[in-house]
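Open the model in your viewer and keep the selection box handy. We will go from stop to stop, with a selection to make at each one.

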Amino acid sequence: MLSFFILQVLFEGNSYVKKVILNRPQKLNCLNHHMVSEMTKKLKAYEIDPGVKVVVLKGNGKAFCAGGDVVELYICTVAGHWSYAASSYKKNLFLDYVVATYGKPVVALIHGIVMGSGAGLSMHAAFKIVTENTVFAMPETAIGHFVDVGASYFLSRLPGFLGEYLGLTGAKIRGPDMVACGLATHFVLSKDLHLVESALNEVTSSDTSKISKVIRMYEHRPDVKQDGVYSRLEIINKCFSRKTVEEILSSLESEAGNRAEKWILEAIKSMKAASPISLKISLKSIREGRTQSLDQCLARDYNICCHIMRRTVSIDYFEGTRAMLLDKENTPPKWEPARLELVSDEMVGRYFSRVDEDDWESLQLPPRSNSVSMRRPKL
């Protein structure tokens, strides 16, 4: 049984280049507790090994990583004390922090689906390579959760209010637009991705300029569609710069009355279907993330998640997971509170407050010398 679990993440490479390969393709490489623990252990070992110069992250199958194993977290919480799930979540956040502050270049080959915890793992890498088949999304509000794993850091640093749009609607964004807005650093065609990986195998230095040169040999100018996410920025900024979720939704509905564009209607539909309290938590978190460091954002994520797991205010995460991922019925989740206007500022604020338990401790991340800055948009 143990050998089966070890196979869920593979560790390969040569003396200079190490590869961390998510190998749970039947589950779209969703991260579970075992995978997170094994990756953290190996990454820490590679970091102190003077022979290792570069680490490559990739996923087997049609997804890089579709997120965390939400069902596993749900079952863990329902079956025992909420702190068990919180402990597992803490390790996930620490792994993201290790990648973001890694002492050696980390190259993420982001091919296929990348969502939720998969984004948390890859968006903090120094090099983020995407293809025409890459699909990014943060759909947490649809199941009563919130945009986490450092998303309030990397989403809030996108152009204008694009981060609020992606976080509140769960909208999908493809590889070319990811490069255009700064979520990714390089675009290559999927047919050339194996060539990039082979070229990286020959790297013998941690010099980022040399690694960039290797990647640029296969880099392709992304074909940013005229109807893509980047072309919507004017309306996105107009609507998602509003102070509250209610005002954002009202602004979108006004735009829909003037121009019934498909993406606007889809944004309205997804927000109306999402958990009202999750939307408000996510907006507040993204807004706070704009002026905070990554470790502050991750600490806040842990704080909010603990409140969610212990059902401090609402049970929406449990209701959303049950309805959307377990029962998979056609009936939508029954959110509580059911409407945006019933979610008060006081209710939202409680998620950002200290957890009222004697043995609870906030997330303390150790200081590390390196950090990753978001890449400026290419267009």
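Begin by selecting Arg368, which is partly exposed, with a relative accessible area of 28%; here buried means under 20% relative accessible area, exposed over 50%, and partly exposed in between (1.4 Å probe, protein chains only). Now add Glu47, also partly exposed at 21%. The side chains of Arg368 and Glu47 form a salt bridge, 2.7 Å from N to O; the term stands for a side-chain nitrogen of Lys or Arg within 4 Å of a carboxyl oxygen of Asp or Glu. This pair links distant parts of the chain, 321 residues apart: Arg368 is in the segment after helix 17 (345-351), and Glu47 is in helix 2 (residues 33-48). Helices (H or I, at least four residues) and strands (E, at least two) are DSSP runs, numbered from the N terminus.

A word on ground rules before the next stop. This is a predicted model, in which local features need pLDDT of at least 70 and side-chain atom pairs count only at pLDDT 80 or more, while totals for chains, interfaces and linings use all residues. Residues are numbered from 1 along each chain as its sequence is written, and side-chain values use heavy atoms, with hydrogens and water left out.

**Colour by confidence**

Colour the chain by pLDDT, the predictor's confidence in each residue, from 0 to 100. The chain average is 93, and 96% of the residues score at least 70. Then select residues 1-5: pLDDT stays under 50 there, and the model has one contact beyond four places in sequence for them. Contact means heavy atoms within 4.5 Å.

**More salt bridges**

The structure holds 21 salt bridges. Select Glu197 and Lys19, whose closest N and O atoms are 2.8 Å apart. Glu197 lies in helix 9 (residues 193-200) and Lys19 in strand 2 (residues 17-22), so this salt bridge ties together parts that are 178 residues apart in sequence. Glu197 counts as buried because its relative accessibility is 14%, and Lys19 is buried too, at 9%.

Next, go to helix 13 (residues 262-273), where Lys262 and Glu266 sit four residues apart, about one turn of the helix. Their closest N and O atoms are 3.9 Å apart, in a salt bridge. Lys262 is exposed at 62% relative accessibility, while Glu266 is partly exposed at 44%. To see a network of salt bridges, select Lys238, Glu255, Arg259 and Glu261 together.

**Strands**

Which way do the side chains of strand 7 (residues 127-130) point? Phe127 and Ile129 point one way, Lys128 and Val130 the other, and all are buried. In a regular strand the side chains alternate between the two faces of the sheet. Show strand 5 (residues 106-110) as well: it runs parallel to strand 7, joined by four bridges, with Ile110 opposite Val130. Strand 10 (residues 186-187) also runs parallel to strand 7, through two bridges, and there Phe187 is the bridge partner of Val130. Two strands pair if DSSP finds at least two bridges between them.

For another sheet view, select strands 4, 6, 8 and 9, which form an open sheet in the order 4-6-8-9 with mixed pairing. Strand 4 (63-65) and strand 9 (173-174) are the edge strands, each pairing on one side only. Strand 4 pairs with strand 6 (residues 113-115) in the parallel sense over two bridges, and Cys65 has Val114 as its bridge partner in strand 6.

**Helices 15 and 16**

Now pick His307 in helix 15 (residues 294-309). Is His307 buried or exposed? His307 counts as buried because its relative accessibility is 2%. Its side chain reaches the backbone oxygen of Arg350 at 3.0 Å. Leaving aside neighbours within four places in sequence, His307 is in contact with Thr312, Arg350, Tyr351, Ser353, Arg354 and Val355.

Move on to helix 16 (residues 316-326), where the buried residues include Tyr317, Phe318 and Ala323. The buried residues of helix 16 pack against helix 3 (70-79), helix 14 (276-289) and helix 15. Just after helix 16, check Lys328, which takes a positive phi of about 50°.

**Last selection**

Finish with residues 18-352, where UniProt, in an unreviewed entry, places the feature "domain: Enoyl-CoA hydratase/isomerase". UniProt positions are given in the numbering used here, feature names are shortened, and annotations may be inferred rather than shown by experiment. Over residues 18-352 the chain is 50% helix and 10% strand, with the end C-alpha atoms 38 Å apart.

Note on methods. A polar contact is a pair of N or O atoms within 3.5 Å; within protein, one must be able to donate a hydrogen and the other to accept it, and residues adjacent in sequence count only if both atoms are side-chain atoms.
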